[in-house]
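This briefing addresses a domain interface and the surroundings of a ligand. Please consult the sequence and the structure as shown here.

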Amino acid sequence: METGSRISGFYQRTMEERRGELARRTGLDAAEVAALTGGLSQEIADKMIENVVGLYALPLAVGLNVRINDNDVIVPMVVEEPSVVAAMSNAARMVREGGGFRGEADPPITTAQIQLWDVKDGAAAKAKITASAEELLAAANAAFPDIVKFGGGAREIESFDRGEGLFVVHLHVDCRDAMGANMVNTMAESISSRVAEIAGGRPGLRILTNLAERRCVRVRCAAPAEMLATPELSGAEVRDRIVEASIFAERDPYRATTHNKGIMNGIDPVVIATGNDWRAVEAGAHAYAARSGVYRPLATWRANASGALEGKIELPMALGIVGGTIRVHPGAKAALKLVGVKTASELAMVAAAAGLASNLAALRALATEGIQRGHMALHARSVAATAGAVGAEVAAVADVIVAARSITLEAAKDALKKLRG
Ligand code: MEV
């Protein structure tokens with residue numbers, strides 16, 4: 001079986017050819033290939049949420065050229081914004097020349113909070129909770145015994161005196177390959193009365209925190225400077241401009257916000273395609289970015305000693321590859337097979353790598369020709385295709401209308417006629 005995430009000319013093929021190529025490379029069977037085109041039936045949708053009246057579709061694409069920890073991965077991406085997939089794939093190609101991405105993830109710990117009120121002596125409550133940790137962890141595990149069978153389970157209890165009678169207990173649970181929201185919420189609900197009894201308070205909310213700071217993922221890469229060159233600028237010049245763009249985001253929260261939006265351009269599509277909770281990932285990412293009290297970039301860039309552009313990203317990434325939506329959504333299942341990860345931690349690395357690559361692509365464009373030219377070039381391709389261009393004609397017609405600065409259907413039809421004639 002031909003494998004790998006580097007597939008030249010993929011964008012020039014028909015959708016059916018692309019699906020065939022993916023099936024050959026990843027071993028998707030006919031049903032899974034079918035799930036890529038119509039991932040969800042109305043019957044399943046009706047069981048997923050309430051008051052369903054239909055389905056709402058978004059494009060499912062694949063990001064290419066990604067290599068993480070010496071393995072190629074084809075990255076499923078669901079997104080409505082043009083250029084995101086092409087930009088991510090293009091940056092991943094540059095990174096690939098520097099050996100690809102290196103990633104690591106924390107153990108899959110999701111944390112639940114138990115809120116208590118009317119705790120009179122916070123220090124004493126803290127000591128009692130610490131002394132009862134073993135009992136509470138055992139009770140939490142008894143509420144969700146399956147996770148223990150899979151090698152996970154409740155691992156640690158922490159507590160915080162938040163003042164004026166408000167006392168908060170954190171239950172840290174190793175959720176293995178699940179995102180873990182249901183699991184930790186169940187555990188928290190089951191032990192909250194006992195926690196209140198021990199601490200001497202009244203139980204309040206019992207719910208996970210999306211600031212999953214114990215479930216962070218870290219990905220690094222080094223793109224050789226020459227890969228960054230544009231027709232006008234040397235690779236070293238582009239590298240230095242990207243470093244300046246990074247410093248801009250590091251010192252200015254307004255820029256950091258948009259910088260991080262560009263990162264989420266790569267992350268959210270993977271989270272959505274694989275049936276995960278993107279609101280949870282978004283909430284965690286931005287809270288993490290602001291953890292110092294100032295909103296900061298999740299990824300930063302510097303030149304390294306050998307002149308390459310080094311980037312690194314770190315953020316919480318609570319993803320699952322079992323349970324939840326994944327159990328019922330055939331499109332999410334097919335996307336997970338496509339990406340080929342064996343653990344939730346591996347999926348977290350793929351999402352973070354896609355985020356880092358998207359950030360690189362955006363900064364390179366912004367620091368050189370600006371973002372619009374690339375957008376226009378892609379737009380021109382879709383106009384060329386609408387005008388009837390097929391295969392290699394698409395790029396040829398797009399080149400003509402971009403050069404003429406006339407990206408219209410008329411101009412594309414004209415160019416196609418000339419090309420064929
Ligand atoms: C647009 O979707 C994302 C960018 O604004 C990101 C950035 O400015 O870094 C281009």
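The points below treat the domains first and the ligand second.

The structure is a predicted model, in which local features need pLDDT of at least 70, side-chain atom pairs count only at pLDDT 80 or more, and totals for chains, interfaces and linings use all residues. Residues are numbered from 1 along each chain as its sequence is written, and side-chain values use heavy atoms, with hydrogens and water left out.

**Domain 1 and domain 3**

- An automatic or database domain assignment gives domain 1 (10–103 + 220–369), domain 2 (109–208) and domain 3 (374–419).
- Taken over C-alpha atoms, the centres of domain 1 and domain 3 are 28 Å apart.
- Domain 1 and domain 3 bury about 480 Å² between them, 55% of it on carbon and sulfur atoms; buried area is the accessible area (1.4 Å probe) that two parts lose on being put together, summed over both.
- Within domain 1, Tyr 11, Gln 12 and Ser 83 lose the most area to domain 3, together 75% of what that side buries.
- Between domain 1 and domain 3 there are zero salt bridges (a side-chain nitrogen of Lys or Arg within 4 Å of a carboxyl oxygen of Asp or Glu).

**Ligand surroundings**

- Residues around the ligand (a heavy atom within 4 Å of it) include Thr 258, His 259, Lys 261 and Gly 262.
- Polar side-chain atoms of Glu 81 and Arg 255 each lie 2.7 Å from an oxygen atom of the ligand, and for Asn 265 the distance is 2.9 Å; a polar contact is a pair of N or O atoms within 3.5 Å.
- Of the 300 Å² of accessible area that the ligand has on its own, the protein covers 84% (Shrake-Rupley method, 1.4 Å probe).

Note on methods:
Polar contact = N/O pair within 3.5 Å; in protein donor to acceptor, adjacent residues only side chain to side chain.
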